Amino acid sequence: MAGFKTLDDIGNISGKRVLVRVDLNVPVADGKVTDVTRIERIAPTIAELSGKGAKVILLAHFGRPKDGPTPEFSLEPIAKATAEVLGRPVGFASDCVGDTAASAVAAMNKGDVLLLENTRFYKAEEKNDPAFTEKLAANGDIFVNDAFSAAHRAHSSTEGLAHLLPAYAGRTMQAELDALEKGLGNPVRPVVAIVGGAKVSTKIDLLMNLVKRVDALVIGGGMANTFLAARGTAVGKSLCEHDLATTAKQIMIEAAEAGCAIILPVDGVVAKEFKAGAASETVAISEVPADGMILDVGEKTVKAVAEWIDRAATLVWNGPLGAFEIEPFDHATVAAARHAADRTKAGKLVSVAGGGDTVAALNHAGVADDFTYVSTAGGAFLEWMEGKPLPGVEVLKH
Ligand SMILES: Nc1ncnc2c1ncn2[C@@H]1O[C@H](COP(=O)(O)OP(=O)(O)O)[C@@H](O)[C@H]1O
Ligand SMILES: O=C(OP(=O)(O)O)[C@H](O)COP(=O)(O)O
């Protein structure tokens with residue numbers, strides 16, 4: 001990989017403490033990891049470093065904790081899941097810095113793997129605070145970044161550490177960049193993007209550039225509601241960021257100027273409660289009841305999405321079309337995923353999808369292996385697609 005040091009360049013690391021940034025921000029329901037793709041993808045890097053006798057110290061975030069350490073956002077259950085997937089013991093330290101982390105690291109033997117607690121339990125992490133980065137660096141001799149899916153964040157553990165320690169790209173980071181370049185570096189047109197999901201405020205800005213790079217943008221999931229509301233459609237109690245209406249309107253203007261079609265839902269499946277088995281009905285998008293929530297796009301929209309997939313030569317997809325974890329709100333996502341998989345298998349489509357929940361949705365639909373490429377990354381992959389430098393990648397080029 002041009003401009004990067006990879007594990008091929010790492011030399012003798014026997015006995016060295018290697019801090020490895022991984023993405024363990026995996027989907028969890030009722031305390032159980034529901035999709036282990038991100039864990040499986042970090043296995044090669046961990047096996048290689050451990051096999052060379054390094055002390056492998058994993059750094060990761062989980063969710064977006066607002067109030068410091070809380071059990072809900074602890075990585076401890078994920079350490080157990082990681083051990084199961086890797087088929088080896090994975091230690092856990094209940095703090096990522098300070099004495100707790102230092103003594104757990106000091107107790108490691110060559111080849112051991114240890115996971116440190118959620119880096120986002122410290123606000124300083126997201127501020128890329130140099131003093132905090134130094135505290136993280138105190139536990140390592142070398143830094144390896146294998147978290148491509150968090151590389152769009154300029155945080156202490158994704159960017160800062162690469163300034164303080166000799167830094168290398170891990171095998172997944174390397175493979176993700178190679179695969180995206182191969183699949184989307186020079187995409188065959190028309191390019192259709194599907195963007196859905198729930199991370200509206202952190203992803204909406206990137207649509208401003210994405211509409212200049214793709215021929216059509218299908219917006220579903222929670223993301224669609226903000227656009228519908230901006231257009232004046234009442235969305236009841238749906239997930240919606242009304243204060244982003246101006247941004248949504250501007251994206252629609254930019255899209256029109258760039259000749260990018262914007263496709264919004266024409267119908268929605270609405271329910272009064274966000275829970276399995278909740279009574280639901282499909283209504284025209286102009287008829288969402290004031291006390292209803294749109295939890296999936298409706299059948300007419302599913303048909304329109306399939307038609308756009310048929311027109312596409314290349315499909316990029318991040319974010320489910322509905323709350324796919326809860327039946328029956330998985331219907332549109334599963335239908336679109338299966339349709340894209342069929343077109344791909346027929347040799348008519350290059351399909352690249354990514355994101356923690358999107359990968360889980362593709363697995364739920366049973367088609368993850370049928371896509372051209374499935375990235376672990378959602379936001380990072382879209383930012384890469386819009387041509388934006390990713391801080392966690394750029395710093396590895398120094
Ligand atoms: N209409 C909707 N209302 C509420 N949540 C939704 C809706 N559509 C999708 N979601 C939720 O979006 C989440 C995934 O969004 P996101 O994190 O942006 O995707 P990814 O992890 O693939 O990048 C899922 O948990 C799903 O339940
Ligand atoms: O899950 C992630 O991204 P994704 O939802 O875009 O797939 C990454 O772990 C980044 O998490 P963040 O969006 O809270 O920084």
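1. Three elements, α9 (221-230), β14 (293-297) and α13 (356-365), each contribute at least two residues to the shell around ligand 1. Among the contributors, α13 gives the most, with three residues. The model under review is a predicted one, and the points below should be read accordingly.

2. The surroundings of ligand 1 comprise 19 residues, of which Lys-203, Asn-318, Glu-325, Asp-357 and Thr-358 are the closest. By class, this shell consists of seven nonpolar, eight polar and four charged residues. Of the closest residues, Lys-203 belongs to helix α8, which spans residues 200-213.

3. Several polar contacts to ligand 1 can be inspected individually. The backbone of Ile-294 places an N or O atom 3.0 Å from a nitrogen atom of ligand 1. An oxygen atom of ligand 1 is 2.9 Å from a polar side-chain atom of Asn-318. A further contact involves the backbone of Gly-356, where an N or O atom is 3.4 Å from an oxygen atom of ligand 1. On its own, ligand 1 has 590 Å² of accessible area, and the protein covers 90% of this.

4. The database record may be set beside these contacts. In an unreviewed entry, UniProt assigns the feature "binding site" to Lys-203, Glu-325, Gly-355, Gly-356, Asp-357 and Thr-358. From this set, Gly-356 is included in the lining of the second largest cavity. Lys-203, Glu-325, Asp-357 and Thr-358 also appear among the residues closest to ligand 1 in the model.

5. Which residues come nearest to ligand 2? Of the 14 residues around ligand 2, these are Arg-38, Arg-120, Arg-153, Lys-199 and Gly-379. The class composition of this shell is seven charged, seven polar and no nonpolar residues. For ligand 1, by contrast, the shell includes seven nonpolar residues.

6. The shell around ligand 2 takes at least three residues from domain 1 (17-171) and at least three from domain 2 (187-386). Residues of both domains are therefore within 4 Å of ligand 2.

7. Polar contacts to ligand 2 involve both side chains and backbone. In the side chain of Asp-23, an N or O atom is 2.8 Å from an oxygen atom of ligand 2. For Arg-120, the distance from a polar side-chain atom to an oxygen atom of ligand 2 is 2.7 Å. Gly-378 takes part through its backbone, with a polar atom 3.4 Å from an oxygen atom of ligand 2. The accessible area of ligand 2 on its own is 390 Å², and the protein covers 95% of this area.

8. UniProt, again in an unreviewed entry, lists Asp-23, Leu-24, Asn-25, Arg-38, His-61, Phe-62, Gly-63, Arg-64, Arg-120 and Arg-153 under "binding site". Of these residues, Asp-23 and Arg-38 are part of the lining of the largest cavity. A "binding site" annotation from an unreviewed UniProt entry also covers Arg-38, Arg-120 and Arg-153, and Arg-38 is the member of that set found in the lining of the largest cavity. These three arginines are among the residues that come nearest to ligand 2.

9. Where do the two residues in that cavity lining sit in the fold? Asp-23 is located in the loop between β1 (17-21) and β2 (28-29). Arg-38 is found in helix α1, residues 37-51.

10. Two cis peptide bonds deserve a check by the reader. One joins Arg-189 to Pro-190, with omega near 0°, and Pro-190 is placed in the loop between α7 (171-184) and β9 (191-195). Another runs from Glu-327 to Pro-328, with omega near 5°. Pro-328 is situated in the loop between β15 (314-318) and α12 (331-345).

11. A backbone detail concerns Asp-30. Although Asp-30 is not a glycine, its phi is positive, at about 50°. The residue lies in the loop between β2 and β3 (32-33).

How values were computed:
Residues numbered from 1 in each chain as written. Chains lettered and ligands numbered in written order. Predicted model: local features only at pLDDT ≥ 70, side-chain atom pairs only at ≥ 80, totals over all residues. Heavy atoms only, no water. Polar contact = N/O pair within 3.5 Å; in protein donor to acceptor, adjacent residues only side chain to side chain. Areas by Shrake-Rupley, 256 points an atom, 1.4 Å probe, with all protein chains shown as cover. Nonpolar A, V, L, I, M, F, W, Y, C, P; charged D, E, K, R; others polar. Domains from an automatic or database assignment. UniProt positions renumbered as here; feature names shortened; annotations may be inferred. 1 Å grid on protein atoms, 1.4 Å probe; cavity = no way out; pocket = protein on both sides within 12 Å on 5 of 7 lines; lining within 4 Å. Helix = DSSP H or I, 4+ residues; strand = E, 2+ residues; numbered from the N terminus.
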